[in-house]
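Reader: I have this model open and I'd like a close look at one part of it. Could you take me through it in an informal way, starting with the simple bookkeeping?

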Amino acid sequence: MTDILLSLLILAGALFTFVGSLGLARLRDFYTRLHGPTKATTLGVGCLLVASAVYFSLEGGSLSLHEVLVTLFLFITAPVSAHLLAKAALHLKVKSLAPPPDRPAPGPARD
Amino acid sequence: MKRLPQLPSRKKTPAFYALRRVKACMPHPLLSLSLTVLWLLLVNSFSAGALVLGALLGWLIPFATSRFWPEAISVRHPGVLLRFLGVFAWDIVRGSFQVAGLILLGPARLRPAFVEVPLALKTDLGISLLANTISLTPGTVSAQLSADRQLLLVHTLNTDDPAALVAEIKQRYETPLRQIFEEGDA
């Protein structure tokens, strides 16, 4: 029973991580590409860590909560790196699909 | 001794001095508690020895890092905080499915946009927590804070209605953060 549950969690985690990386290849400008790997992975890695915590708690006989720390550090660092990448891209005026903020588009944001 | 945080009661009652002495011994009780828990998680055991060492570290580290914590942090509405964490977790799950769907179904149809969120939050802690929350919930990344700290520039993967997105960010994340960390500061 738990085996099935754990397998599902790991599959879901792998799937989300894969889709996140797929975003890197499929999306078409720097800013939208930022969303794929930083986001879909939040849930992907989350699922994998829950699976790991449950497995090692049952296997080792004592509660394993290392995974909580991994989640915590991930949640602290991921947004900071995404923010800095976006900020650097704005500074370098990287090509963007969305109208960049300094030159507001005349009409609604639709091309 | 460093400048002590302003306490709500200005009257110099004995309780005021007692509280001030406690604050001098333990400047950031919440930080101390989190560090102790962090230590217990790191060693992954809950023996008495680990607890004592963790408590000691939790007590000492805030003194060594006091420069990083110019404001005393206090949580005002634990209930609101719990509800905020719930909303946050739900939004991560919901948003992950949305972003996955957008990536799989067709990047050609995306309408990305930059939106500007006018900030009502004033403290460093509040603004950084809001920016982190926005970046962690899938579909939005906080890109830049204006120099006067009034506007947060947010990039969104797909939106039809930027005004609605701004209203949602303000209502879902900013309002609870203000209640938890800033109410009564103004």
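How many helices and how many strands does chain A have? After that, please zoom in on the open sheet of chain B: what is its strand order, and which strands does α3(A) touch when it packs on that sheet?

Author: Happy to, and keep in mind throughout that this is a predicted model. Chain A has three helices and zero strands, so to speak a plain α-α-α run when you read along its sequence. Of its 111 residues, 32% are buried. Look at the contacts in chain A with a separation of 6 or more, and 67% of them join residues 24 or more positions apart.

Helix α1 of chain A covers residues 2-26, which is 25 residues. From first C-alpha to last it reaches 35 Å, close to the 36 Å you'd expect at 1.5 Å a residue. Its buried residues are A:L6, A:G13, A:F16, A:V19, A:G20 and A:G23.

Now to the sheet. It is an open one of three strands in chain B, ordered β1-β3-β2, with antiparallel pairing. β1 (113-118) and β2 of chain B take the edges, and each has a single partner strand, so one side of each has no neighbour in the sheet. Going from one strand to the next, the twist averages 30°.

Take the two pairings in turn. β1(B) and β3(B) run antiparallel over six bridges, and along that pairing B:A113 has B:T156 of β3(B) as its bridge partner. On the other side, β2 (residues 140-145) and β3 (residues 151-156) of chain B are also antiparallel, over five bridges. There, B:Q144 is bridged to B:L153 of β3(B). β2(B) and β3(B) make a hairpin with five residues between them. Have a look at B:R149 while you're in that turn: its phi is positive, about 60°.

What sits on the sheet? Start back at the β1(B)-β3(B) pairing with its six bridges. Helix α3(A) packs on the sheet and touches β1, β2 and β3 of chain B, with its direction at about 60° to that of β2(B). So here a helix of chain A lies against strands of chain B, if you'll allow that as a reading of the contacts. Helix α5(B) packs on the sheet too, touching β2 and β3 of chain B, and its direction makes about 145° with that of β2(B).

These two helices also meet each other. α3 of chain A (residues 66-92) and α5 of chain B (residues 124-136) pack at about 85°, their axes 9 Å apart. That makes α3(A) and α5(B) roughly perpendicular, since angles of 65 to 115 degrees count that way. On the α3(A) side the contact is made by A:F75, A:I76, A:P79 and A:V80, and on the α5(B) side by B:N132, B:S135 and B:L136. Sort the residues of this contact by class and you get five nonpolar, two polar and no charged ones.

Stay with α5(B) for a moment, as it also holds B:T133. B:T133 counts as buried because its relative accessibility is 6%, under the 20% limit. Setting aside residues up to four places away in sequence, B:T133 touches B:F84, B:F88 and B:Y173. Step back into the loop between β1 and α5 of chain B and you find B:T123. At a relative accessible area of 16%, B:T123 is buried as well.

B:T123 also gives a sense of distance: B:L53 is 70 residues from it in sequence and 33 Å from it in space, C-alpha to C-alpha. Let's finish with helix α3 of chain B, residues 48-64. Its 17 residues should span 24 Å at 1.5 Å a residue, and the end C-alpha atoms are 25 Å apart, which agrees. B:A50, B:G54, B:G58 and B:P62 are the buried residues of α3(B), and they pack against α2 (29-43) of chain B. B:A50, for one, counts as buried at 11% relative accessibility. Neighbours within four places in sequence aside, B:A50 is in contact with B:W39, B:L40, B:V43 and B:S45. B:T36 is 14 residues from B:A50 in sequence, and their C-alpha atoms are 9.3 Å apart.

Note on methods. Residues are numbered from 1 along each chain as its sequence is written. Chains are lettered from A and ligands numbered from 1 in the order in which they are written. This is a predicted model: local features need pLDDT of at least 70, side-chain atom pairs count only at pLDDT 80 or more; totals for chains, interfaces and linings use all residues. Side-chain values use heavy atoms; hydrogens and water are left out. Axes are lines fitted to C-alpha atoms, for helices over the stretch in contact, and angles run from 0 to 180 degrees between N-to-C directions. Helices (H or I, at least four residues) and strands (E, at least two) are DSSP runs, numbered from the N terminus. Angles under 35 degrees count as roughly parallel, over 145 as roughly antiparallel, 65 to 115 as roughly perpendicular and the rest as oblique. Contact means heavy atoms within 4.5 Å. Ala, Val, Leu, Ile, Met, Phe, Trp, Tyr, Cys and Pro count as nonpolar, Asp, Glu, Lys and Arg as charged, and the others, Gly among them, as polar. Buried means under 20% relative accessible area, exposed over 50%, partly exposed in between (1.4 Å probe, protein chains only). The expected span of a helix is 1.5 Å times one less than its number of residues. Two strands pair if DSSP finds at least two bridges between them.
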